[in-house]
Amino acid sequence: MTAPTRRIAVAGAGIGGLTAALCLARGGHDVTLYERAPALREIGAGLQITPNGAAVLEKLGLGPALDAAAIRARAVCPTDGRSGRAIARFALDGGAHPYRFMHRAALVALLAEAAQAQGARIVTGRRVTGADPAAGRLDFEDGESITADLIVAADGLRSALRPLVADEEAGFTGQVAWRAMLDDPGGAPEARIWMLPGRHVVTYPLPGGRLNLVAVREQPEWAPEGWDHADDPARLHAVFEDAAPALRGLLDRVGEVRLWGLFRHPVPGRWHDGRLVLLGDAAHPTLPFLAQGANLAIEDGWVLARALADQPDLGMALGRYTQARAPRVRRAIAAAQANARNYHLSGPARRIAHAGLGAIGRFAPARFTARMAWLHAHDVTRDMPAAMAGDGHES
């Protein structure tokens with residue numbers, strides 16, 4: 001039985017919403033994407049496209065555009081943040097799909113162009129305030145509403161639509177993070193994890209001679225969720241005043257920084273109700289310790305489109321999507337939380353862990369790649385349904 005073409009409204013034009021819009025439009029659906037901002041923009045942030053996310057983007061024909069807009073990563077380097085000593089170096093360039101560093105804004109632009117080329121419409125300046133899942137009605141701040149056969153809630157961490165499906169409460173993790181960017185031309189194409197007791201910093205290069213920097217510390221004081229809160233760089237400098245000179249030199253150059261509190265969100269057991277389905281951060285916000293927030297959302301977009309192509313009954317299709325995604329998302333979120341602990345070790349546990357990493361790096365570096373294969377080597381585009389295939393679909 002052929003699945004029907006549907007009128008689909010996507011709320012939110014971030015990476016997850018745009019990927020979903022592109023995948024759904026390629027599947028023949030009539031797609032309109034609504035974004036609250038007056039224009040599509042992602043500012044001041046870098047992004048790691050891991051091989052599992054790259055598998056989807058390349059299948060969508062974006063491989064060459066990604067290479068033109070990104071840096072291909074060669075390695076990840078765990079580093080003692082106090083001494084500056086490199087503990088190990090693990091290659092990232094040996095898989096079926098490249099590992100890339102890029103600006104979020106560049107990926108948003110690529111996805112928007114590709115989605116529109118497939119016929120999806122993007123409407124900016126429309127803030128979503130609610131919906132009626134049973135009727136397929138999407139409500140906007142200006143009092144207007146539209147109806148659709150399916151509403152995809154891709155409106156991010158502070159989703160207006162998530163409470164209509166899931167009511168789980170988020171809890172503060174006791175960690176805060178700072179995000180900043182620096183001019184740093186000529187940097188090696190490597191991600192460096194600077195680990196200190198109770199703290200860590202991740203740095204990696206971006207096109208245009210920029211360096212993306214995310215610093216995390218444990219603290220009991222609550223901070224607001226969401227990464228776009230301005231903070232005093234002096235606070236960041238003080239937190240890492242005992243860091244290795246190389247790291248402190250980078251942090252001391254930070255003149256503008258954004259702060260956000262890190263919250264743990266339980267993955268809901270149900271991702272859909274009636275004609276409303278959750279996707280990306282609206283369904284499963286993750287902590288920034290595994291570089292998977294955007295990559296999982298990219299996977300979501302493909303799997304949702306595939307479920308709709310495979311199953312004509314909407315409820316069964318949305319159930320299949322949830323069943324396919326929830327176990328993987330839970331595992332990724334658990335792994336991210338484990339990384340947060342491992343990066344912040346102190347005392348004997350820290351020395352033992354660093355010695356173990358060093359031994360793996362020297363004698364069995366392939367173990368690191370194998371340990372992450374469940375995440376990075378996973379390709380949700382395998383067994384692509386005929387309804388999503390077409391000219392130019394393969395990269």
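Hi everyone. Let me start with one residue pair: Pro-78 stands opposite Ile-193 in strand S14. Before I go on, please keep in mind that this is a predicted model.

So, what surrounds that pair? Pro-78 belongs to strand S5, residues 75–80, and S5 pairs with S14 in the parallel sense over 6 bridges. S14 covers residues 190–196, and 6 of its 7 residues are buried, so this strand is largely enclosed by the rest of the structure. S14 also pairs with strand S15, residues 199–206, and here the two run antiparallel, joined by 5 bridges. Leu-196 stands opposite Arg-199 in S15. S14 and S15 form a hairpin with 2 residues between the strands, and in that hairpin Gly-198 takes a positive phi near 75°. As a quick reminder, strands of a sheet pair through backbone hydrogen bonds, either parallel or antiparallel.

Let me move to strand S18, residues 257–264. How many of the residues of S18 are buried? The count is 6 of 8, and the strand is mostly covered. S18 pairs with strand S13, residues 171–183, in the antiparallel sense over 7 bridges. If you are scrolling through the model, look for Arg-179, which stands opposite Arg-258 in S18. S18 also pairs with strand S17, residues 229–231, again in the antiparallel sense, over 3 bridges. There, Asp-231 has Val-257 of S18 as its bridge partner.

Next, an open sheet of 3 strands. Its order is S3-S7-S4, and the pairing is antiparallel. Which strands stand at the edges? They are S3, residues 46–49, and S4, residues 71–72; each has a single partner strand, so one side of each is left without a neighbour in the sheet. S4 pairs with S7, residues 100–103, over 2 bridges, and Ile-71 stands opposite Phe-101 in S7.

Hold on to Phe-101, please, as it returns when we get to the aromatics. The model has 6 aromatic pairs by the rule used here. One of them is Phe-90 with Phe-368: the ring centres are 4.3 Å apart and the planes are at 10°, so the pair is stacked. For a sense of the cut-off, planes under 30 degrees apart count as stacked. This pair links distant parts of the chain, with Phe-90 in strand S6, residues 90–91, and Phe-368 in helix H10, residues 366–371, 278 residues apart. Both of these phenylalanines, Phe-90 and Phe-368, are buried.

Then there is Tyr-99 with Phe-101, an edge-to-face pair at 6.1 Å centre to centre, with 75° between the planes. Tyr-99 is buried, with a relative accessible area of 8%, and Phe-101 is buried too, at 0%. Ring pairs link Tyr-99, Phe-101 and Tyr-204 into a cluster.

For those of you who like cation–ring geometry, I have two arginines to show. The charged end of Arg-126 sits over the ring of Phe-140, 4.0 Å from the ring centre. Likewise, the charged end of Arg-331 sits over the ring of Trp-374, 4.1 Å from the ring centre.

Now the helices. Helix H2, residues 51–59, has 9 of its 9 residues buried, so it is largely enclosed by the rest of the structure. The buried residues of H2 include Asn-52, Glu-58 and Lys-59. After H2 comes Gly-61, with a positive phi near 90°.

Finally, helix packing. Two packed helices are described by the angle between their axes and the distance between the axes. Helix H1, residues 15–26, packs with helix H7, residues 293–310, at an angle of about 25°, with the axes 8 Å apart. H1 and H7 are therefore roughly parallel to each other, and their crossing is right-handed.

What about H1 and helix H4, residues 104–117? Their axes come within 9 Å and cross at roughly 25°. H1 and H4 are therefore also roughly parallel to each other, but H1 passes H4 in a left-handed crossing.

That's my tour. Thanks for listening, and I'm happy to go back to any part of the model.

Note on methods
Residues are numbered from 1 along each chain as its sequence is written. This is a predicted model: local features need pLDDT of at least 70, side-chain atom pairs count only at pLDDT 80 or more; totals for chains, interfaces and linings use all residues. Side-chain values use heavy atoms; hydrogens and water are left out. Buried means under 20% relative accessible area, exposed over 50%, partly exposed in between (1.4 Å probe, protein chains only). Helices (H or I, at least four residues) and strands (E, at least two) are DSSP runs, numbered from the N terminus. Two strands pair if DSSP finds at least two bridges between them. Rings of Phe, Tyr and Trp (its six-membered ring) pair if their centres lie within 6.5 Å; planes under 30 degrees apart count as stacked, over 60 as edge-to-face and the rest as tilted. A charge sits over a ring if NZ of Lys or CZ of Arg is within 6 Å of the ring centre and within 35 degrees of the ring normal. Axes are lines fitted to C-alpha atoms, for helices over the stretch in contact, and angles run from 0 to 180 degrees between N-to-C directions. Angles under 35 degrees count as roughly parallel, over 145 as roughly antiparallel, 65 to 115 as roughly perpendicular and the rest as oblique. A crossing is left-handed if the near helix is turned anticlockwise from the far one by less than a right angle, and right-handed if clockwise.
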